[in-house]
Number of protein chains: 2
Amino acid sequence: MSKPTIGIALLGLGTVGQGVWKHLADKRSDLETRLGVRLDMRGVAVRNLRRTRSVRLPKQKLTTDSVALIDDPKVDIVIELIGGTTVARKLVLRALRAGKTVITANKALLCDHGPEILAAAQASGGKLLFEGSVGGGIPIIKSLREGLVANRFDLIVGIVNGTSNYILTRMGEDGLDFETALKEARTHGYAEADASLDVDGIDAWHKASILAFLAHGKWAPRARTLVEGIRNVRSADIDFARKFGYTLKHLAVVRRDFKAGWMSVGVYPALVPSDNILAKVSGVNNGITLRGDVVGSTTLAGRGAGGDATASAVLGDLVDAILARTRGGIVDADLHALTRAGKSLRMADEDEIVSPFYLRMTLRDTHGVLAGIYRIFAQHKVSIARVVQYEHPDKGTGTLTLSTYPASERNIAKVVAELSRAKTVLEEPMLLRIFAT
Amino acid sequence: MSKPTIGIALLGLGTVGQGVWKHLADKRSDLETRLGVRLDMRGVAVRNLRRTRSVRLPKQKLTTDSVALIDDPKVDIVIELIGGTTVARKLVLRALRAGKTVITANKALLCDHGPEILAAAQASGGKLLFEGSVGGGIPIIKSLREGLVANRFDLIVGIVNGTSNYILTRMGEDGLDFETALKEARTHGYAEADASLDVDGIDAWHKASILAFLAHGKWAPRARTLVEGIRNVRSADIDFARKFGYTLKHLAVVRRDFKAGWMSVGVYPALVPSDNILAKVSGVNNGITLRGDVVGSTTLAGRGAGGDATASAVLGDLVDAILARTRGGIVDADLHALTRAGKSLRMADEDEIVSPFYLRMTLRDTHGVLAGIYRIFAQHKVSIARVVQYEHPDKGTGTLTLSTYPASERNIAKVVAELSRAKTVLEEPMLLRIFAT
């Protein structure tokens, strides 16, 4: 019996694309033996044929015509690594509608056009894989969809943006301020020139949204998701965290209340108890904890970004895709049922999302100022757990740091709004969530 | 189209078996919807029909006749949870030879009879799943076989025995001695009356052996594996560890040198740098780090033992098994190729396994005693990195604690043998490995 040939097209040859090409070239004969197939690299679509790249590949493999490459009848599997949501969307839909298997690491695409793309995948028999979209090389999506499939998850919490985690690690361990740490991240290639997707929490939100969908079958609307980045974090916050046994991390948090029928999705900097395993996930690493009703808490951690880590995830998907095509497959059989299950789910409202909080604010140091501040908390039923410090960095001003007992997002928002209006409060107060399982 | 019916037989109704039954009953309709099948629980084989159990199940489902249950033509999937290697081996082979899919969490069985069982699975089309055998609910086997399939792993290191980890955690964090911590583990149900499988490293060895096979295609012979438990660990060792930035953990370590063509497998207590994520894996949890050439280091951690954690793994396998039977499957397609690849691999010899060491010894406190001790190290080319302390707990004796630079297992064994013979050394020296990536 002759081996079946699997035709592969690669769209995009950026960092991840180059990593995929390199490792695929290295491991090709390994994979061919293991899978019992012949791999035929049909071509690589790029925007610029002449750009210098770190991988060598035959010139005739390069093309600028993505559509023709996708339409090549010998192409079975399309790996989309161009990013963006316009061209990528068209190409992915085109490939799926032609019955090809699509592998993508494009979290923005899934997040913005998830229902449309999944419907197309469903219609063509279920051929969409996207392990590389969340957690870099960590097999989080496979674990969620397959390994832990018997579980219902009431909590998914993770560090999903390597750039932010690198910056917070450098600020915490080495005392850098935000701007210096960001500059350093750029020097090491961990942050783009425009780092806002990373440090403003957008990238983390995309990933949280994908995890929430995979666990609960519902795409969280952006408007109902709390999205905060790390731009406003100061050394004072990190010092506070450490002093009281916390580590400051940028978290993605997906909660579900099975009884009340809601889910909540948020990404924000938070104080994580230092004995939590996520507190040990440092540098550009990612770490995600899934809490299931059968398995308890399971954490996966590893390199969350970079061409090689994501390439590993893409190659894992490629192996699944090939096995699915040659032996009849398991690929996303569950997504349809999942989407149906998600229909009855609603987003939590602000009364239902509850946690302890940390606040730091700069006050005009006048007589009775603290009494006035505390009254604002009391009026909105937020109880102060601990007034941590009241310092006087400059004459006439004081910095107040405190933590609260668990309070709802609605009530704390009222407190912050009123504090912002108070004449004795000199800057916008800094609000951080304290992560509690 | 009517839904296919999948017949399931459960062998054994101990802690894990009861967990599987309970969660399967809870999630049955969920799984049936998701998988598009009807699940038919054909029966549960037990030794004693009258024993009281925490789960309720219809009396007519219980049987003592495992063979008849396996032979039932309506049984498609056999879940083996009886443990042991004699009866379990016969039943597993019988089921595989009849073309049924077998799910097992029996690490001793795989370890002792792996080649025979895998050959039977291979002959019948590859129908063996065993996620529950390592790491409890952590999807480590799926991650290794599927998610990270594009990687070659030069290092697999993990905490794979929850009982030992619980004992070491209690000793380290709360100052208990070994016996007290063990007693407490028994009280909580974390250790059997006979805890030797756990505390002497046998259970960890079984798991290391399975991981080594899955990564490298070779079953490590017991005689070529270093197996040490935690019985001889003293508070002094844990204190030393902490003082110098280490946490004492019982590790399973699988290394591979791709150039030299060897692998090494060892389980032993070791000093782990406290900033390593494994140092944060405490209590009955397990944690395993896989270092792959593409993905870098990925760590999975979670509840390593207990009926529910393992039940989660078994149910994950069950879903894979059902999908494989109904849609044509992916199950262990790789094991045959893997076994072939392992044929050219040899076990490392004692010159090739190298690490820094920690030694604690009790000395007769006489003139020149240290000079004599140091000479023994020098003779065998082991360099002392740091003499940590030389204390005098009793008159006339001294306790010497030191660490070495990286040395081979062969050389350190010579040092220890000679120390044991030396008249100035009063007890068998305590040797611990210092884990270095």
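**Group meeting: strand pairing, the A–B contact and helix α6**

I'll start where the two chains meet. Strand β12 of chain A and strand β12 of chain B, residues 296-303, pair in the antiparallel sense over five bridges. Within that pairing, A:Thr299 stands opposite B:Ala301 in β12(B). Keep in mind that this is a predicted model.

Now the contact as a whole. Chain A gives 45 residues to it, and chain B gives 45 residues. Which elements of chain A give two or more residues to the side that touches chain B? They are α1 (15-35), α5 (140-147), β12 (296-303) and α11 (307-327). Of these, α11(A) provides the largest share, 10 residues. Sorted by class, the side of chain A that touches chain B has 18 nonpolar, 16 polar and 11 charged residues.

Next, the sheet in chain A. Six strands make up an open sheet, and the order is β3-β2-β1-β4-β5-β6, with parallel pairing. The edges are β3 (62-63) and β6 (128-129) of chain A, each of which pairs on one side only. As a general reminder, strands of a sheet pair through backbone hydrogen bonds, either parallel or antiparallel. At the β6 end, β5 of chain A, residues 101-104, pairs with β6(A) in the parallel sense over two bridges. There, A:Ile103 stands opposite A:Leu129 in β6(A).

That brings back α11(A), the element with the largest share of chain A's side of the contact. This helix lies across β1 (5-11), β4 (77-80), β5 and β6 of chain A. Its direction is at about 170° to β5(A).

Last, helix α6 of chain A, residues 162-174. The helix has 13 residues and reaches 17 Å from its first C-alpha to its last, close to the 18 Å expected at 1.5 Å a residue. Why can we call α6(A) largely enclosed by the rest of the structure? Because 11 of its 13 residues are buried. The buried residues include A:Gly162 and A:Thr163 at the start of the list, A:Tyr166, A:Ile167 and A:Leu168, and also A:Arg170 and A:Met171.

What do the buried residues of α6(A) pack against? In chain A, the partners are the helices α7 (178-187), α8 (196-199) and α10 (235-243), together with the strands β7 (153-159), β9 (246-257) and β11 (285-292). Just after α6(A) comes A:Gly175, which takes a positive phi of about 75°.

That's what I have; questions are welcome.

Methods
Residues are numbered from 1 along each chain as its sequence is written. Chains are lettered from A and ligands numbered from 1 in the order in which they are written. This is a predicted model: local features need pLDDT of at least 70, side-chain atom pairs count only at pLDDT 80 or more; totals for chains, interfaces and linings use all residues. Helices (H or I, at least four residues) and strands (E, at least two) are DSSP runs, numbered from the N terminus. The expected span of a helix is 1.5 Å times one less than its number of residues. A residue is buried if 20 or more other C-beta atoms lie within 10 Å of its own, exposed if 12 or fewer, and partly exposed in between; C-beta atoms are placed from the backbone. Two residues are in contact if their C-beta atoms, placed from the backbone, lie within 7 Å. Ala, Val, Leu, Ile, Met, Phe, Trp, Tyr, Cys and Pro count as nonpolar, Asp, Glu, Lys and Arg as charged, and the others, Gly among them, as polar. Two strands pair if DSSP finds at least two bridges between them. Axes are lines fitted to C-alpha atoms, for helices over the stretch in contact, and angles run from 0 to 180 degrees between N-to-C directions.
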